[in-house]
Amino acid sequence: LNNENNKGNSFTKDNLSTEFSIAFDILFIHWVHSNEPKVVETILEAMGPMTNLLPTEKYEALVPKLIPNMFMLYKKPNLDSYFVTQAVTYILMRTVKNKSLLTSQMIDNINMTLFSLVLTLPDYDQPQKIKNHFEVLRCFDILLLNFPSFTQEFLYQRAKAVNEEEKMKAIVILTHLLSSSEKAISENLIMISKENISIENVSIKMKRVLLKAIVALAYRQNLQ
């Protein structure tokens with residue numbers, strides 16, 4: 001750049017906000033809908049971090065469209081879900097800076113969509129699925145920390161479910177939160193976990209999931 005013509009200018013987020021916005025729109029409106037999975041995965045890797053570079057007003061206007069569009073990508077054939085979830089993580093981290101951007105209905109939709117992606121017994125021979133599983137759990141860390149009442153109520157209802165697969169997913173999430181979410185742990189979360197631990201009349205698969213939950217509670221010194 002010519003120093004005479006650009007004296008005093010510098011490359012900062014603020015003075016490049018228009019360029020960032022235009023670039024993001026091109027990716028979001030056009031490229032992320034490509035029929036080539038590898039192209040979409042590359043675009044998603046860029047879009048996630050770019051959300052932090054968008055002007056606040058621009059980003060806040062995007063949120064109602066951004067999250068549903070990300071979730072639609074989970075249905076795209078041959079697309080690695082990990083790249084979608086990674087982008088969702090970035091979006092959540094930016095969005096919770098202004099919690100009012102998310103309505104209760106949006107939070108419920110986020111919880112339900114991410115919940116469906118949880119693995120009850122991860123297969124470590126499929127590393128990308130494992131990466132996605134743990135990225136989903138990372139999203140629940142963010143949700144619990146920023147929307148504790150919504151997230152706890154959601155997990156409580158799922159942990160009480162008759163359907164064993166749904167119950168196991170809830171316990172997997174609770175176990176993760178008990179083990180890793182230091183700032184978000186509450187007595188209520190611990191109580192929900194305790195209430196749903198019973199190894200009587202359950203499958204071997206369920207017993208394996210419950211055993212991990214028992215270890216997490218013991219780690220928290222809340223096993224009685």
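This report describes the fold, surface and side-chain pairings of a single predicted chain.

The model is predicted, so local features need pLDDT of at least 70 and side-chain atom pairs count only at pLDDT 80 or more, while totals for chains, interfaces and linings use all residues. Residues are numbered from 1 along each chain as its sequence is written, and side-chain values use heavy atoms, with hydrogens and water left out.

**Overall architecture**

The chain contains 10 helices and zero strands, where helices (H or I, at least four residues) and strands (E, at least two) are DSSP runs numbered from the N terminus. Its pattern along the sequence is α-α-α-α-α-α-α-α-α-α. Of the 224 residues, 45% are buried; buried means under 20% relative accessible area, exposed means over 50%, and partly exposed lies in between (1.4 Å probe, protein chains only). A contact requires heavy atoms within 4.5 Å. Among contacts between residues at least 6 apart in sequence, 70% join residues at least 24 apart.

**Surface**

About 12500 Å² of the chain is exposed, and carbon and sulfur atoms supply 54% of that area. Accessible areas come from the Shrake-Rupley method with a 1.4 Å probe, and for residues only the protein chains shown count as cover. On the surface, I22, I26 and W31 form a nonpolar patch with about 310 Å² of accessible area together. Patches are made of residues with over 30% relative accessible area and no salt bridge, with like charges joined within 9 Å and nonpolar side chains (Val, Leu, Ile, Met, Phe, Trp, Tyr) within 5 Å. Within this patch, I26 belongs to helix α1 (residues 17–29) and counts as partly exposed at 40% relative accessibility.

**Aromatic rings**

Rings of Phe, Tyr and Trp (its six-membered ring) pair if their centres lie within 6.5 Å; planes under 30 degrees apart count as stacked, over 60 as edge-to-face and the rest as tilted. The chain has four aromatic pairs by this rule. In one of them, the ring centres of F115 and F154 are 5.5 Å apart and the planes stand at 85°, so the pair is edge-to-face. This pair links distant parts of the chain, since F115 is in helix α5 (residues 104–115) and F154 is in helix α7 (residues 148–159), 39 residues apart. Both F115 and F154 are buried.

Two rings also have a charge over them, which requires NZ of Lys or CZ of Arg within 6 Å of the ring centre and within 35 degrees of the ring normal. R94 lies over the face of Y59, 4.5 Å from the ring centre, and the charged end of K131 sits over the ring of Y82, 4.4 Å from its centre.

**Salt bridges**

Side chains of opposite charge can pair when their charged atoms come close. A salt bridge is a side-chain nitrogen of Lys or Arg within 4 Å of a carboxyl oxygen of Asp or Glu. The whole structure holds five salt bridges, including those in the table.

| Salt bridge | N to O distance |
|---|---|
| K38 and E41 | 3.5 Å |
| R158 and E166 | 3.4 Å |
| K205 and E165 | 3.6 Å |

K205 lies in helix α10 (residues 204–219) and E165 in helix α8 (residues 164–180), so their pair ties together parts that are 40 residues apart in sequence. K205 is partly exposed at 31% relative accessibility, and E165 is partly exposed at 32%. K38 and E41 are three residues apart in helix α2 (residues 37–50), a separation of about one helical turn. K38 counts as exposed at 62% relative accessibility, whereas E41 counts as buried at 6%.
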